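Hi,

Here is the structure I promised to send over. Have a look at it first, and my notes follow below.

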Amino acid sequence: MERSRANIAVGVFVILGMVALGYLSIKLGQVSFLGGRGYVVTVDFPSVGGLKSGSTVEIAGVEIGRVESIGLADYQARVTLRVQTGIKLQDDAIASIKTKGLIGEKYIRISPGGSEKIIPPNGKIREVEAPVDFEELLSKYIFGKV
Amino acid sequence: MARFARALALATALLVILAGPGGVWAGAPTDQLRAQIDRAVKILEDPELKKDGKQRERRAAVRQVANDIFDFSETAKRSLARHWASRTQAERDEFVLLFTDLLERSYISKIELYGGEKIKFVGESVDPEGAIVRTRLVTKQESEIPIDYRMHARGDKWLVYDVLIEGVSLISNYRTQFNKIITTSSYQELVKKMKTKQGEFLHEEKRTSQR
């Protein structure tokens, strides 16, 4: 009797541990179940230079979504964003790839527009700004001056 | 003979259908932009207008070209973004004028530094919502600066509403600045700032032309 009680306690403990582990991996790995919440919009950038799936999407520094996937379409980078429901993106909103600090990670900043037209789910943000390639700029000013 | 006439009629009909209403078809944005850029370059290279004392005339000519290809009211609207909706019609009209003036002041003086740089047209993508024309400015040192023009169709004309230099958007730049000024102080403050700048410039222009 005493022994089986100890066994149950161990079992419960193990199960609790596994649940906690599962929770942690979901939280840290940013895995979304059942396609996740929110809606999807796509953006085509000439280049994404360092942006990864899972990168954040921000308006005024507040996270409103994440990059779901990045693929190639007609030699441009097609980025799929998952945006929280309730966040409305206007037709003339601009998506720019920015860097946190000088050498930090890349994220997408959306500057909201003023149009009455709202981008529907599975719609597309048309106005984009690619990341500024500092190395390229630098080389232009180094090698450009002959 | 009758067969030939019929074929001709069919060909004409096809052409009309393909050209569509307003004559907006692929290639048009690049062609229209190219025509205006050529016009501007011609003005800038005109030896007659390069002479001293002709500066004002030259500027006016360049301004005319800019007004023909740019949709300044759209640029102003997009730059003001969500603050545009809460403006009255009178405020909007005033803002468009102030903003057009600001752009002309900041860029026309730069354009005057033009010294024979070449402009290459490298591509164009058109969709029902608008078009992007990609160009490269080739400097005398042979380095290329990418300049993209975002255009939209207004009637049978394609007008530029945003310019991206090295991928940096003009609208995005002003949108961030305007938003900051309006949210930290007020719209009136922004207008006041723009008016002060305008006044300073007019004063400066007067002084240089008097010299």
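Let me begin with the largest nonpolar core, in a model that is predicted. This core has 24 residues, and the ones that touch the most other members are A:V43, A:L81, A:A95, A:I108 and A:I125. Two or more residues each come from β1 (39-45), β4 (76-83), β5 (94-99) and β6 of chain A, and α7 (170-184) of chain B does the same. A separate, second core is made up of 11 residues, including B:A28, B:F70, B:W158 and B:L159. As general background, nonpolar side chains in soluble globular proteins tend to be buried together.

If you want one residue to click on, try A:A95: leaving out residues up to four places away in sequence, A:A95 touches A:V43, A:I108, A:I110, A:I125 and A:V128.

Next, the sheet in chain A. Its 8 strands form an open sheet with mixed pairing, in the order β7-β1-β4-β3-β2-β6-β5-β8. At the edges are β7 (124-125) and β8 (127-129), each pairing on one side only. Strands β2 (residues 56-59) and β6 (residues 106-111) of chain A run parallel and are joined by 2 bridges. A:I108 in β6(A) is the bridge partner of A:V57.

Finally, where the chains meet: chain A gives 17 residues to the contact and chain B gives 20. On the chain B side, α5 (72-80), β5 (168-169) and α7 each supply two or more residues, with the largest share, 4 residues, coming from α7(B). That side of chain B has 8 polar, 6 nonpolar and 6 charged residues.

Happy browsing, and all the best!

Notes
Residues numbered from 1 in each chain as written. Chains lettered and ligands numbered in written order. Predicted model: local features only at pLDDT ≥ 70, side-chain atom pairs only at ≥ 80, totals over all residues. Pairing = 2+ DSSP bridges. Core = buried A, V, L, I, M, F, W, Y, C linked by C-beta atoms within 7 Å. Buried ≥ 20, exposed ≤ 12 C-beta atoms within 10 Å, placed from the backbone. Contact = placed C-beta atoms within 7 Å. Nonpolar A, V, L, I, M, F, W, Y, C, P; charged D, E, K, R; others polar.
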